[in-house]
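Biologist: Before we look at anything in detail, I would like to learn how to read pockets, helices and loops from a set of coordinates. Could you take me through them one at a time?

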Amino acid sequence: MADPFGDPSDPGNRPARLAVGVVGTGRVGPALGAALQLAGHRVVAASGVSTASLRRAEALLPGVRLVSPPQVLAAADLVLLTVPDDVLADLVAGLATTGAVRPGQILVHTSGAHGVAVLEPATRAGALPLALHPAMTFTGTSVDLARLAGCPFGVTAPEELRPVAEALVVEMGGEPEWVPEEVRPLYHTALAHGANHLVTLVAQALELLRTAGVGEPGRLLGPLLGAALDNSLRSGDAALTGPVARGDAGTVRRHLEQLRTASPDISAAYRAMARATAQRAVANGTLSAEPAAAVLTVLDEEQHR
């Protein structure tokens with residue numbers, strides 16, 4: 001097929017202005033729609049269900065018609081399917097079955113867990129399938145537009161549509177990162193494990209500091225966690241510090257004693273992370289076998305109390 005976008009790195013090859021529709025006005029859809037609108041495209045219709053979704057659409061896409069998903073597809077050349085992962089397949093199948101999909105229509109989903117295979121029913125109907133996943137957390141506010149600048153997008157598309165996908169990402173302010181279809185689930189697992197579980201970990205640390213009487217735990221944790229994140233991104237496992245990485249089994253035992261009364265739920269998470277930390281420290285040579293065994297023994301004793 002002819003390349004409608006050209007080289008995405010060439011400012012002279014700006015895509016033709018498209019009528020954009022957004023199906024799913026959660027936190028992601030309105031932000032991406034607004035970003036495309038800033039790039040010169042026109043958001044013509046959106047659909048949402050909850051009151052919060054409708055408010056987000058009104059805030060980020062003012063004046064845009066709020067209609068049903070089939071009506072969005074009827075009005076748009078480019079459709080953003082920004083719905084939860086587990087809803088996507090049924091939505092696509094339903095739209096294809098009812099004849100809502102038009103040949104030549106660009107259909108984009110933003111699920112990290114799926115590649116373009118989930119769009120197969122629409123592809124058979126003539127749609128051009130793209131998977132563009134912004135690797136960022138969204139707030140559902142205008143703050144997200146600034147965060148899209150330089151945001152990596154996991155891009156999966158048929159080879160002939162790759163320039164189209166990359167051009168759209170660049171227009172939204174992002175940076176395309178090619179993710180093959182077969183590793184898309186692993187890609188998403190990595191991002192979810194890092195970002196989602198980090199929030200849980202930080203929230204647990206804040207809770208313990210509050211229990212310890214620290215008035216502003218965020219101020220105390222901020223510099224430490226910022227440095228740890230920067231070091232780990234630069235150096236990986238070599239950035240490990242602390243009692244587990246040093247093999248200080250006595251300190252680990254005292255931590256577990258504190259958690260036994262302060263927060264048994266956090267104790268289970270601490271043990272799991274400490275065990276994983278010890279194993280990685282041994283594997284990369286940071287920790288020798290004997291002190292690692294002492295740490296693991298303490299963890300096992302606590303688990304079986």
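Modeller: What follows goes from the whole chain to its pockets, then to one helix and a few loop residues.

Biologist: What secondary structure does the chain have, and what does its C-alpha trace span along its principal axes?

Modeller: This is a predicted model, and every value I give is computed from it. The secondary structure comes to 13 helices and eight strands, and the C-alpha trace spans about 65 × 40 × 40 Å along its principal axes. Of the 305 residues in the chain, 39% are buried. Among contacts between residues at least 6 apart in sequence, 63% join residues at least 24 apart.

Biologist: How should I read empty space, and what volume does the largest pocket have?

Modeller: The general idea is that rolling a probe the size of a water molecule over the atoms shows where empty space is left. Here the largest pocket holds about 2,400 Å³ of space. Its lining consists of 45 residues, and those that lie nearest its centre are Leu201, Leu225, Ala228, Met273 and Thr277.

Biologist: Which elements supply that lining of the largest pocket, and how does it divide by class?

Modeller: At least two residues each come from α8 (184-211), α9 (217-235), α10 (243-246), α11 (249-262) and α12 (264-283), and α8 gives the most, with 14 residues. By class, the lining of the largest pocket has 28 nonpolar, 14 polar and three charged residues.

Biologist: What is the volume of the second largest pocket, and which residues are closest to its centre?

Modeller: The second largest pocket has a volume of about 710 Å³. It is lined by 24 residues, with Val28, His133, Pro134, Met136 and Thr137 closest to its centre. Two or more residues of that lining come from each of β6 (128-134) and α8, and α8 gives the most, with five residues. The lining of the second largest pocket divides into ten nonpolar, twelve polar and two charged residues.

Biologist: Since α8 appears in the lining of the largest pocket and in that of the second largest, how do I read such a helix, and where is its kink centred?

Modeller: In general, an α-helix has 3.6 residues a turn, so residues three or four places apart point the same way. A check on length comes next: at 1.5 Å a residue, the 28 residues of α8 should span 40 Å, and the end C-alpha atoms are 40 Å apart, which agrees. Even so, α8 has a kink of about 25°, centred on Leu198. Just after α8, Gly213 takes a positive phi of about 95°.

Biologist: Which residues of α8 are buried, and what do they pack against?

Modeller: The buried residues in α8 are Arg184, Tyr187, Gln204, Leu206 and Leu209. The buried residues of this helix pack against β6, β7 (152-156), α9 and α12.

Biologist: Turning to loops, is Gln105 buried or exposed, and which residues is it in contact with?

Modeller: Gln105 is found in the loop between α4 (85-97) and β5 (106-109). Because its relative accessibility is 1%, Gln105 counts as buried, the cut-off being under 20%. Leaving aside neighbours within four places in sequence, its contacts include Leu73, Val79, Ala100 and Leu128.

Biologist: What of Arg102, which is also found in the loop between α4 and β5?

Modeller: At 30% relative accessibility, Arg102 counts as partly exposed. Arg102 and Ala127 are 25 residues apart along the chain, yet their C-alpha atoms are separated by 6.3 Å. Not counting residues up to four places away in sequence, Arg102 touches several residues, including Ala74, Asp77 and Ala125.

Biologist: Where is Phe138 found, and what does it touch?

Modeller: Phe138 is found in the loop between β6 and α6 (143-147), and at 9% relative accessibility Phe138 counts as buried. Phe138 and Arg27 are 111 residues apart in sequence and 5.8 Å apart in space, C-alpha to C-alpha. Not counting residues up to four places away in sequence, Phe138 touches Arg27, Val28, Ala31, Leu32, Asp144 and Leu148. Among these, Val28 is also one of the residues closest to the centre of the second largest pocket.

Key:
Residues are numbered from 1 along each chain as its sequence is written. This is a predicted model: local features need pLDDT of at least 70, side-chain atom pairs count only at pLDDT 80 or more; totals for chains, interfaces and linings use all residues. Side-chain values use heavy atoms; hydrogens and water are left out. On a 1 Å grid over the protein atoms alone, a cavity is a set of points where a 1.4 Å probe fits but cannot get out, and a pocket is an open set with protein on both sides within 12 Å along at least five of seven lines; lining residues have an atom within 4 Å of a point. Grid points are joined across faces, edges and corners, and a volume is the space filled by probe spheres set on the points. Helices (H or I, at least four residues) and strands (E, at least two) are DSSP runs, numbered from the N terminus. Ala, Val, Leu, Ile, Met, Phe, Trp, Tyr, Cys and Pro count as nonpolar, Asp, Glu, Lys and Arg as charged, and the others, Gly among them, as polar. The expected span of a helix is 1.5 Å times one less than its number of residues. The bend at a residue is the angle between axes fitted to the seven residues ending there and the seven starting there. Buried means under 20% relative accessible area, exposed over 50%, partly exposed in between (1.4 Å probe, protein chains only). Contact means heavy atoms within 4.5 Å.
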